[in-house]
Amino acid sequence: AVSYVDKPQNFEITVTSDGASPAYDIDVDDVLPKNWSYDLGSATVQTGAGPANPQDPTDNNANPATISWNDLAHSGLPVGQTIVITYTATPGSAATTDAGSGSTVDHVNKVSVAAEDATDATSSGAGNYHGPDATAAAQIHRADLVVAKAGVGTPVAGQDYSWTINVTNEGPDASVGPIVVTDTIPSHFTD
């Protein structure tokens, strides 16, 4: 996903109960990319076919931040059912220097899940009650816009005069608009 500094990026986590029996007290920990922050009030949690309800995670406010939803599906998540968590996080300007920017630089967040069975056990002889960690990546593209302005001809009092303004992207990534160029006309000229 393409992300932008100081603009919220959507994320979605889907946890599926795929064991032989329901999962209980599910904990979801998501480690955000370095220099990204969770957007307070943006998270919803939907369990099974129920409604998506607002539910902010706990946030350890570290860098990188770990956001956590704890004790989800306290009464059990039936086999085959899902918990869907959606939220937004925003990269700060430091994310472009610490991690980097460009279409080939991934900003990775990693989610892990832990669950219990009906006896509060987190594992059995067959192993832990969770699958492997999952990741999602976003890129902060890097464009280098250069603006050049040049007069056309020689100005003569009382006659029209024009300038050309050129905007060039020296890359390495495509520029995404809208791009706004503001040109202030000198006070002794009229438009």
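## Asp-133 and Lys-110

Asp-133 has a relative accessibility of 43% and therefore counts as partly exposed, the range between 20% and 50%. This value, like the others in this report, comes from a predicted model. Lys-110, with 40% relative accessibility, is also classed as partly exposed.

The side chains of Lys-110 and Asp-133 form a salt bridge, with an N to O distance of 3.9 Å; the cut-off for such a pair is 4 Å. Lys-110 belongs to strand S10, whereas Asp-133 sits in the loop between strand S12 (127-128) and S13, so the salt bridge ties together parts separated by 23 residues in sequence.

## The other salt bridges

In total, the structure holds three salt bridges. Another of them joins Lys-34 to Asp-98, where the closest N and O atoms are 3.1 Å apart. This pair connects distant parts of the chain: Lys-34 is in the loop between S3 and strand S4 (36-38), and Asp-98 is in the loop between strand S9 (82-91) and S10, a separation of 64 residues. Lys-34 is partly exposed, at a relative accessible area of 36%. Asp-98 is partly exposed as well, at 34%.

A further salt bridge is formed by Asp-183 and Lys-149, with 2.8 Å between the closest N and O atoms. Here too the pair links distant parts of the chain, since Asp-183 lies in the segment after S15 and Lys-149 in strand S14, 34 residues apart. The relative accessible area of Asp-183 is 34%, which makes this residue partly exposed. Lys-149 counts as partly exposed at 40% relative accessibility.

## A buried charge in strand S3

Asp-30 is located in strand S3. This residue is buried and yet has no salt bridge. The nearest side chain of opposite charge is that of Lys-110, 9.4 Å away, and a salt bridge requires a side-chain nitrogen within 4 Å of a carboxyl oxygen. Lys-110 is itself paired with Asp-133.

Asp-30 does have a polar partner: a polar contact of 3.3 Å joins the side chain of Asp-30 to that of Asn-109.

## The largest pocket

The volume of the largest pocket is about 670 Å³. Its lining consists of 34 residues, and those nearest the pocket centre are Val-15, Thr-16, Val-113, His-130 and Gly-131. Four strands each give two or more residues to this lining: S2 (9-16), S3 (24-31), S10 (107-116) and S13 (134-140).

The largest share of the lining, seven residues, comes from S10. Strand S10 is also where Lys-110 of the salt bridge with Asp-133 is found. Sorted by class, the lining of the largest pocket comprises 16 nonpolar, 11 polar and seven charged residues.

## Tyr-161

Tyr-161 occupies a place in the loop between strand S14 (145-152) and strand S15 (162-169). With a relative accessible area of 23%, Tyr-161 is partly exposed; the limit for a buried residue is under 20%.

Tyr-161 is separated from Ala-138 by 23 residues in sequence, and the C-alpha atoms of the two residues are 46 Å apart in space. Strand S14, which precedes the loop of Tyr-161, carries Lys-149, the partner of Asp-183.

Technical notes:
Residues numbered from 1 in each chain as written. Predicted model: local features only at pLDDT ≥ 70, side-chain atom pairs only at ≥ 80, totals over all residues. Heavy atoms only, no water. 1 Å grid on protein atoms, 1.4 Å probe; cavity = no way out; pocket = protein on both sides within 12 Å on 5 of 7 lines; lining within 4 Å. Points joined across faces, edges and corners; volume = space filled by probe spheres on them. Nonpolar A, V, L, I, M, F, W, Y, C, P; charged D, E, K, R; others polar. Buried < 20%, exposed > 50% of the residue type's maximum accessible area, 1.4 Å probe, protein only. Lys, Arg positive; Asp, Glu negative; His and termini not counted. Polar contact = N/O pair within 3.5 Å; in protein donor to acceptor, adjacent residues only side chain to side chain.
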